[in-house]
Amino acid sequence: MQNYTLHTHTVGFDGRNAVMEMVNRARELGLKTIGISNHFIVHPHIKKSRAYNYAMRGGYSNMYSASFQEVIQRFFNNYSVIECARSAKPDINVLFGMEVDFFDDARWQNNFQKTMKILRPDYIIGAKHFVEHGGKILNVHDLKAADAETQEILLKKYWQGVARAAESGLFDWMAHLDLPKKVGLGREEKWAEHENRAVESAAKSNTAIEINTSFYKQDCYEPYPSNRILRAVAQNNVPVLISDDAHNTESIARHFDEAEEIISKMNLQRFTKIK
Ligand SMILES: [Zn+2]
Ligand SMILES: [Zn+2]
């Protein structure tokens with residue numbers, strides 16, 4: 001059984017609980033390690049997106065940064081809070097993580113690498129919550145609202161972005177690979193070739209893929225990614241780890257038993273870089 005959780009969010013970003021509350025819950029559950037991985041989202045135009053307005057209304061004031069200068073400050077503050085929890089609870093490992101939105105742009109990547117030398121996280125999760133299209137930055141809810149023709153274009157861009165992020169080698173693993181299914185998109189068989197390309201890119205760069213248990217719902221009882229993608233993961237020998245993507249204490253390690261079953265049933269390789 002995986003006895004750690006590394007994909008978690010805390011208050012100030014879009015989590016509901018404080019770092020110390022998350023750490024205490026992880027201890028109660030007997031986990032050996034918890035990592036806090038808040039959103040690292042930097043784009044010069046991000047504050048013009050609908051997602052930004054939504055986040056501001058929800059009080060998630062640290063989620064979006066227009067510059068790397070801004071994100072560095074946010075993470076310095078976050079990491080000093082994590083450091084407090086770390087020294088207060090010597091019986092559990094507390095790690096510095098981040099969930100980074102990848103933008104396929106040479107300048108972004110260059111600045112990102114410089115920023116990592118300053119922030120020095122213990123691990124980096126790659127994600128693709130946004131697609132750039134027609135001068136706008138769109139998330140999956142914007143995808144859902146688009147017309148069918150635009151949806152098709154946006155989904156292609158999404159998968160292309162995931163593949164580029166995976167092959168960049170910048171990340172330890174990729175988060176919720178088939179995120180558009182959150183809004184019911186991308187389930188058709190025709191998307192399999194795009195999914196496979198993303199998985200092959202991860203294999204080439206030695207990037208792992210998470211089994212994200214935050215999607216388990218009554219009407220669709222499965223994690224991210226789907227079985228179809230997990231078969232490609234198995235074929236390409238891409239290592240996996242289980243993430244709860246916990247935004248509150250109740251979600252920590254939820255559905256890990258189901259994900260463990262998937263790992264043994266499909267004989268998936270485990271991510272071993274961090275324990
Ligand atoms: Zn995410
Ligand atoms: Zn997350």
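This briefing goes through the metal sites, the sheets, the nonpolar cores and two single residues of the structure above. The model is a predicted one. Two zinc ions lie 3.3 Å apart, and E99 coordinates both. The strands described here belong to an open sheet of seven strands and an open sheet of three strands.

**Zinc ion (ligand 1)**

- The zinc ion (ligand 1) is held by E99 through OE, and by H129 and H176 through NE2, at 2.1 to 2.2 Å.
- Along the chain, the donors of this ion follow the pattern E-x29-H-x46-H.
- Two of the donors come from distant parts of the chain: E99 sits in strand β6 (residues 99-101), while H176 sits in the loop between β10 (173-174) and α7 (192-205), 77 residues apart.
- Both E99 and H176 are buried.

**Zinc ion (ligand 2)**

- The zinc ion (ligand 2) has four protein donors, namely H7 (NE2), H9 (NE2), E99 (OE) and D245 (OD), at 2.1 to 2.3 Å.
- The angles among the four donor atoms run from 80 to 168°, and the site is irregular.
- The reason for that label is a cut-off: a tetrahedral site needs all angles between 85 and 135 degrees, and the range of 80 to 168° goes outside those limits.
- The donor residues of this ion are spaced H-x1-H-x89-E-x145-D in the sequence.
- Here too, distant parts of the chain are linked: H9 lies in the loop between β1 (4-5) and α1 (19-28), and D245 lies in the loop between β12 (240-243) and α9 (256-265), 236 residues apart.
- H9 and D245 are both buried.
- E99 appears as a donor to each ion and so forms a bridge between the zinc ion (ligand 1) and the zinc ion (ligand 2).

**The seven-stranded sheet**

- In general, the strands of a sheet pair through backbone hydrogen bonds, in a parallel or an antiparallel way.
- The open sheet of seven strands has the order β4-β3-β6-β7-β10-β11-β12, and its pairing is parallel.
- β4 (64-65) and β12 are at the edges with a single partner strand each, so one side of each has no neighbour in the sheet.
- Two bridges pair strand β3 (residues 39-42) with β4 in the parallel sense.
- V42 has S65, in β4, as its bridge partner.
- Helix α3 (residues 68-88) lies across β3 and β4, and it runs at about 165° to β3.

**The three-stranded sheet**

- The open sheet of three strands is ordered β1-β2-β5, again with parallel pairing.
- β1 and β5 (93-96) are its edge strands, each pairing on one side only.
- Strand β2 (residues 33-36) runs parallel to β5, and four bridges join the two.
- I34 stands opposite V94, which is in β5.
- Helix α1 packs on this sheet, where it touches β2 and β5, and its direction makes about 155° with that of β2.
- Helix α3 also packs on this sheet and touches β2 and β5, with its direction at about 170° to that of β5.

**Nonpolar cores**

- In soluble globular proteins, nonpolar side chains tend to be buried together.
- The largest nonpolar core has 80 residues, and F40 and F112 touch the most other members.
- Helix α6 (residues 148-168) gives the largest share of this core, eight residues.
- Apart from neighbours within four places in sequence, the contacts of F40 include F68, V71, F75, M98, V100, F112, M116 and L119, and also the zinc donor E99.
- A second, separate core has 12 residues, among them W173, A175, A208 and L241.

**Two single residues**

- A127 is part of strand β7 (residues 125-127).
- A127 counts as buried because its relative accessibility is 0%, and the cut-off for buried is under 20%.
- Beyond residues up to four places away in sequence, A127 touches E99, V100, D101, F102, M174, A175 and H176.
- A127 and H247 are 120 residues apart in sequence, and their C-alpha atoms are 16 Å apart in space.
- S226 lies in the loop between β11 (208-212) and α8 (227-235).
- S226 also counts as buried, because its relative accessibility is 10%.
- Not counting neighbours within four places in sequence, S226 is in contact with D178, K181 and R187.

Technical notes. Residues numbered from 1 in each chain as written. Chains lettered and ligands numbered in written order. Predicted model: local features only at pLDDT ≥ 70, side-chain atom pairs only at ≥ 80, totals over all residues. Heavy atoms only, no water. Donors = N, O, S within 2.8 Å, 3.2 Å for Na, K, Ca; no water. Buried < 20%, exposed > 50% of the residue type's maximum accessible area, 1.4 Å probe, protein only. Tetrahedral: all angles 85-135°; square planar, octahedral: opposite > 155°, others 65-115°. Pairing = 2+ DSSP bridges. Contact = heavy atoms within 4.5 Å. Axes fitted to C-alpha atoms, helices over the stretch in contact; angles between N-to-C directions. Core = buried A, V, L, I, M, F, W, Y, C linked by side-chain atoms within 4.5 Å.
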